[in-house]
Every structure is written in structure tokens, then in C-alpha cells.
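Reader: Please take a close look at one part of this structure and describe what surrounds it. I am in my first year, so give the cut-off for each term when it comes up.

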Amino acid sequence: MLQSPIRYRPDVEQPQPDEQATVTDLNETFDTILERTAEDYGHAVRSVHAKSHGLLEGELTIDSDLPAELAQGLFAQGGRHKVLIRLSTNAGDILPDAIGLPRGLAMKVFDVAGDRLPGSEGTAQDFVMVSGPVFQAKTAEKFLGNLKLLAKTTDRLEGTKKVVSAALRGVRHAFEAVGAEAPAAINSLGGAPNVEPLGETYYSATAFRFGDYIAKFSIAPVAPAMIALSGKEIAIEGRQDAIREDVRSEMRTLDAEWEFRVQLCRDLEAQPVEDATVLWTSPFVRVGTIRAAAQDSWSDAHVQQINEETRFSVWTGIAAHQPLGNINRARRDTYRHSADFRARVNGCPYHEPSN
């Protein structure tokens with residue numbers, strides 16, 4: 001029998017005294033990536049998840065009559081909300097698809113009522129997810145160490161990255177051959193399989209307030225045509241943008257459908273808020289459905305609206321879904337710092353939707 005979900009209270013977080021210094025270092029390291037890529041491309045791109053593979057418009061339908069522990073925040077009552085979706089990979093430079101990297105899915109939900117998080121403009125709620133259930137670093141300080149290494153090779157050594165990626169994929173296959181799961185670091189450094197983004201399940205990896213409770217989130221494909229793509233590797237040989245091309249081809253005829261799922265925290269020891277590398281084991285439960293009808297996933301209009309004019313941040317939203325834990329606290333200023341750089345350099349301020 002499942003334990004009752006843990007109620008949110010402020011002391012579930014345990015901020016450390018050196019966190020602001022880490023944020024300052026993160027911003028400086030992101031500047032290295034942002035400035036180098038802007039100089040090389042003549043256009044500013046995101047400091048992480050720079051390369052888009054699909055840009056979609058859709059709708060989130062929230063389930064009606066959810067039990068009290070699930071009827072929280074955005075999901076407190078049934079209804080429909082327009083959404084924008086961006087599919088990406090996690091590097092801060094725009095690499096050829098031969099370099100295997102984890103996937104990302106960012107979603108902006110329109111017209112969300114409720115008290116806003118500090119500094120959160122508009123009326124949208126953002127969700128930022130990756131194709132793995134845990135984060136690659138225990139703390140922002142450890143993530144900073146990894147980021148400094150990546151910053152040194154941003155938009156450099158493309159040929160070397162291809163070789164390293166191929167080698168890391170070989171290491172991953174070796175783990176899989178003996179029935180073991182490869183460490184998350186192998187995927188994040190270039191050893192991820194080049195799978196179909198539309199067949200992937202995405203996770204928040206970090207914890208969030210869920211109204212009266214605490215939760216992690218997931219978006220999982222449920223349309224039969226998407227499930228058929230799960231785990232399927234894309235043919236990338238000689239194709240710089242193979243993933244984008246395949247997603248565009250598929251979305252011309254595919255009506256995409258995902259479930260939005262919530263994983264409630266039921267034991268703070270086994271499901272810690274401050275350590276996002278720990279896998280939570282309680283079940284994910286559906287609270288809504290996301291649908292994106294067949295469309296052009298790389299139209300000029302979507303590129304301008306979603307890729308250029310829109311930013312996605314876990315700190316854009318309502319207080320009922322406050323990001324929790326060390327990694328999320330570090331994301332607040334760094335996400336804004338990166339978005340402000342893009343807006344300034346490109347002369348294109350981002351647009352937060354309002355009612």
C-alpha cells in the first residue's frame with residue numbers, strides 16, 4: 001500500500017550558504033558558451049539545448065474529477081490550455097546529429113491562474129524536461145564543474161566530438177549487452193542513442209511543489225504511432241539535421257498525443273528534494289493529456305515564435321509549482337541570464353503570453 005504523499009512545507013529545502021557564489025560562476029561559464037556561439041553563428045542561441053528538432057502547437061486537457069492529492073495547482077480543475085512545445089538536444093552549441101545527446105522537451109502552458117512565482121511575468125506555466133529520470137549532477141556546484149569542461153570545447157573540436165560520441169555509444173552498448181544501465185554521464189557526454197524524440201518519455205528530473213504536496217513530472221507518448229517510434233534510432237549518416245528532418249516528416253501526418261504524469265513524493269528519505277540524482281520509485285499517475293495535431297514542425301512561423309521569441313524556464317509559472325532543491329534554485333538566475341543575453345544580442349525580446 002502506498003504511503004500518503006508528503007505535504008509541502010518550506011523546510012523541505014535546505015539552502016547552502018555558498019549557492020549564490022555558484023550561481024555567479026555558472027553565469028560566467030554560460031557567458032563563455034553564449035559569447036563564443038554568438039560570435040561563430042552571428043546569432044545568439046541558448047546556452048543549453050541550443051539545437052531544436054521540432055516546434056509544435058498543441059493543447060493540454062486536464063483530467064476532470066482528479067482525487068484531491070492530484071487536483072493541485074494547474075491541475076486543480078479540468079480544462080483546456082493552449083501549449084507550445086520545443087524538442088531539442090542538450091548541448092549549448094549546434095552540433096551535427098552524429099553526436100548522440102539526450103533529448104529535451106520544453107512546454108509552455110497558456111492561461112494558468114494563480115499567484116505567480118517571484119519575477120514570473122505573464123500567465124503561462126513552463127515545464128522543462130529531459131529524456132532521463134534523474135539529473136546528471138547532485139548539486140549545482142558539481143554541475144558547474146562539468147559545465148566548465150564543456151565550455152572549453154563549445155563550438156570547437158567537432159570532429160573529435162564525433163569520435164568521442166561513437167566511442168561512448170560503444171561503451172553504452174557494452175553496458176546494455178550485460179543487462180546493465182549505462183551511467184547518465186555517458187549519455188550526457190555524447191553516448192546517448194540517436195533515438196526518435198517523438199517516441200521518448202521526458203522527465204522533470206528535479207522536484208517541484210505540487211500545491212499542497214511535492215512531485216516530479218513526466219510526459220510520456222501514448223499515440224500508437226509514437227509508441228512504435230520508442231527506442232528507434234534515426235539514420236544519421238551524412239545528415240547534419242537528421243533528427244529535425246525525420247520529426248518534420250513524421251509530424252506531417254502524425255497526430256501526437258502524450259500523457260502528463262505526476263509522481264508524488266511519499267518518503268523524503270527515499271525521495272529527496274535536494275539530491276536530483278536519486279531515482280524516485282513511486283508511480284507516475286496521469287493528470288492530463290497533451291495533443292498536437294499533424295502540422296509542420298519546422299515552419300517559419302514556429303521558428304520565429306517558439307525558437308526565437310519564446311524562453312522556457314522552470315521559474316516561469318505559479319507559486320503552486322515552485323521549483324525545489326539546489327539544482328532548481330540555481331536555475332532561477334541562470335535561465336534568466338541566458339535569455340536576457342539572447343534577447344539583447346538578437347534584438348528580440350522574449351514574449352510571455354498574458355490573458
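Author: **One helix residue and its surroundings**

Not counting residues up to four places away in sequence, Ala151 touches Thr29, Thr32, Ile33 and Arg36, where a contact means heavy atoms within 4.5 Å. This is a predicted model, in which local features need pLDDT of at least 70 and side-chain atom pairs count only at pLDDT 80 or more, while totals for chains, interfaces and linings use all residues. Residues are numbered from 1 along each chain as its sequence is written, and side-chain values use heavy atoms, with hydrogens and water left out.

Ala151 lies in helix α2; helices (H or I, at least four residues) and strands (E, at least two) are DSSP runs, numbered from the N terminus. With a relative accessibility of 5%, Ala151 counts as buried. Buried means under 20% relative accessible area, exposed means over 50%, and partly exposed lies in between, using a 1.4 Å probe and protein chains only. Ser47 is 104 residues from Ala151 in sequence, yet their C-alpha atoms are 9.7 Å apart in space.

Now the helix itself. α2 covers residues 140–151, which makes 12 residues. From first C-alpha to last, α2 reaches 16 Å, close to the 16 Å expected at 1.5 Å a residue; the expected span is 1.5 Å times one less than the number of residues. The buried residues in α2 are Ala140, Phe143, Leu144, Leu147 and Ala151. They cover an arc of only 105° around the axis, so they lie on the same side of α2; the arc is that of the directions from the helix axis to the C-beta atoms. An α-helix has 3.6 residues a turn, so residues three or four places apart point the same way. Lys142 and Leu149, on the other side of α2, are exposed. The cover over the buried residues of α2 includes α1 (19–41) and α8 (326–346).

Next come the nonpolar cores, each a set of buried Ala, Val, Leu, Ile, Met, Phe, Trp, Tyr and Cys residues joined through side-chain atoms within 4.5 Å. The largest has 57 residues, and Phe75, Met107, Trp258 and Phe260 touch the most other members. Strand β8 (residues 256–264) gives the largest share of this core, 5 residues. A second, separate core has 19 residues, including Val23, Leu34, Leu147 and Phe341. Leu147 is also one of the buried residues of α2.

For contrast, consider a strand. In β1 (residues 51–62), 10 of the 12 residues are buried. β1 pairs with strand β2 (residues 79–89) in the antiparallel sense over 11 bridges; two strands pair if DSSP finds at least two bridges between them. One bridge sets Thr61 against Arg80 in β2. Strand β9 (residues 285–292) also runs antiparallel to β1, joined by 4 bridges, and Glu59 stands opposite Arg291 in β9. Gly58 is in β1 and is buried, with a relative accessible area of 17%. Leaving out residues up to four places away in sequence, Gly58 touches His81, Lys82, Val83, Arg291 and Ala292.
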